[in-house]
Structure formats: C-alpha cells, structure tokens
Amino acid sequence: MNVEHEINLLVEEIRRLGSKNADGQVSVKFGVLFADEKCANLFEALVGTLKAAKRRKIVSYQGELLLQGVHDNVDIMLLQD
C-alpha cells in the first residue's frame, strides 16, 4: 500500500478518536488507536505508519518504537491540521 495514503488514513483516524488539547492540537493515546477495531482492520502495520508519519513531522510522540501495553498512555499529537 502507498505510504502517503496510509498516513492520510492515520490522520483521519487520529481526528476521529482524538480530542483537542489546551494548545488546540488533536491528540490520542496510542492504546486507544491500537485497540480501535476500525484501525485494526485498516492498518496492517500501525506502528510502521506512525513511524513514517513522525519522520514526515505529521505526528509527534515520545520515544521511537511504540508497543501495545507498555506505551498505551503515550500521546500521539497531530502536528498538521
């Protein structure tokens, strides 16, 4: 699948599942994104798509690799709206 297309889908899902923080940025917890049934069916490699989006400065999150369970409370922030 096309990486740009996957990133666009990721942005849509972050907007759907996330909420605006005090700075007006949309953010979602990794655990919420990972556990969502639609996301599970949509993304073959959610973590890979997140890494690609982070490299393109579309999203921001702490750390390099996110793992289910360990990083469920990590905020994924949408940098571009």
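Is glutamate 13 buried or exposed? Select glutamate 13 and see for yourself: at 2% relative accessibility, the residue counts as buried. Keep in mind along the way that this is a predicted model.

**Stop 1: glutamate 13 and its surroundings**

Glutamate 13 sits in helix H1, which covers residues 3-17. Now show what touches this side chain and its backbone. Setting aside the neighbours within four places in sequence, glutamate 13 is in contact with Leu33, Asp36, Lys38, Cys39, Leu42 and Phe43.

Pick lysine 38 from that group. The side chains of glutamate 13 and lysine 38 meet in a salt bridge, with 3.3 Å from N to O. Because glutamate 13 lies in helix H1 and lysine 38 in helix H3, this pair ties together parts that are 25 residues apart in sequence. The two ends have their own settings: glutamate 13 is buried at 2%, while lysine 38 counts as partly exposed at 44% relative accessibility.

Next, add Arg16 and Asp36 to the selection. Together with Glu13 and Lys38, they are linked in a network of salt bridges.

**Stop 2: aspartate 36**

Stay with that network and centre the view on aspartate 36. You will find this residue in the loop between H2 and helix H3 (37-42). Is aspartate 36 buried or exposed? Its relative accessibility is 15%, so aspartate 36 counts as buried; the cut-off is under 20%.

Which residues does aspartate 36 touch, leaving aside its neighbours within four places in sequence? The contacts are Glu13, Arg16 and Leu17. If you would like a distance to try in your viewer, go from aspartate 36 to valine 59: they are 23 residues apart in sequence and 18 Å apart in space, C-alpha to C-alpha.

**Stop 3: two more salt bridges**

How many salt bridges does the structure hold? There are five, and two that we have not yet visited make good next selections.

Start with arginine 56 and glutamate 4. They form a salt bridge whose closest N and O atoms are 2.9 Å apart. Arginine 56 lies in the loop between H4 and E3 and glutamate 4 lies in helix H1, so the pair ties together parts that are 52 residues apart in sequence. Arginine 56 counts as partly exposed at 37% relative accessibility, and glutamate 4 is partly exposed too, with a relative accessible area of 40%.

Then select aspartate 75 and lysine 29. Here the closest N and O atoms of the salt bridge are 3.2 Å apart. What does this pair tie together? Aspartate 75 belongs to strand E4 and lysine 29 to strand E2 (residues 26-29), so the bridge joins parts that are 46 residues apart in sequence. Aspartate 75 is partly exposed at 35%, and lysine 29 is partly exposed at 32%.

**Stop 4: rings**

Switch to the aromatic side chains. The count comes to one aromatic pair. To see this pair, select phenylalanine 30 and phenylalanine 34: their ring centres are 5.5 Å apart and their planes are at 50 degrees, so the pair is tilted. Both belong to helix H2 (residues 30-35), and because they are four residues apart there, about one helical turn separates them. Colour them by accessibility and phenylalanine 30 comes out buried, with a relative accessible area of 0%, whereas phenylalanine 34 counts as partly exposed at 32%.

One further ring deserves a click. Which residue lies over the face of tyrosine 61? Lysine 54 does, at 4.3 Å from the ring centre.

**Stop 5: a backbone angle to check**

Select lysine 57, in the loop between helix H4 (46-55) and E3. This residue is not a glycine, yet has a positive phi of about 60 degrees. Is lysine 57 buried or exposed? With a relative accessible area of 60%, lysine 57 is exposed.

**Stop 6: a nonpolar patch**

Finish by turning on the surface and selecting Leu65, Leu67 and Val70. These residues make a nonpolar surface patch of about 290 Å². Zoom in on leucine 67, which has its place in the loop between strand E3 (59-60) and strand E4 (75-78). Leucine 67 counts as partly exposed, at 42% relative accessibility.

Notes
Residues are numbered from 1 along each chain as its sequence is written. This is a predicted model: local features need pLDDT of at least 70, side-chain atom pairs count only at pLDDT 80 or more; totals for chains, interfaces and linings use all residues. Side-chain values use heavy atoms; hydrogens and water are left out. Patches are made of residues with over 30% relative accessible area and no salt bridge: like charges are joined within 9 Å, nonpolar side chains (Val, Leu, Ile, Met, Phe, Trp, Tyr) within 5 Å. Accessible areas come from the Shrake-Rupley method with a 1.4 Å probe; for residues, only the protein chains shown count as cover. A salt bridge is a side-chain nitrogen of Lys or Arg within 4 Å of a carboxyl oxygen of Asp or Glu. Helices (H or I, at least four residues) and strands (E, at least two) are DSSP runs, numbered from the N terminus. Buried means under 20% relative accessible area, exposed over 50%, partly exposed in between (1.4 Å probe, protein chains only). Rings of Phe, Tyr and Trp (its six-membered ring) pair if their centres lie within 6.5 Å; planes under 30 degrees apart count as stacked, over 60 as edge-to-face and the rest as tilted. A charge sits over a ring if NZ of Lys or CZ of Arg is within 6 Å of the ring centre and within 35 degrees of the ring normal. Contact means heavy atoms within 4.5 Å.
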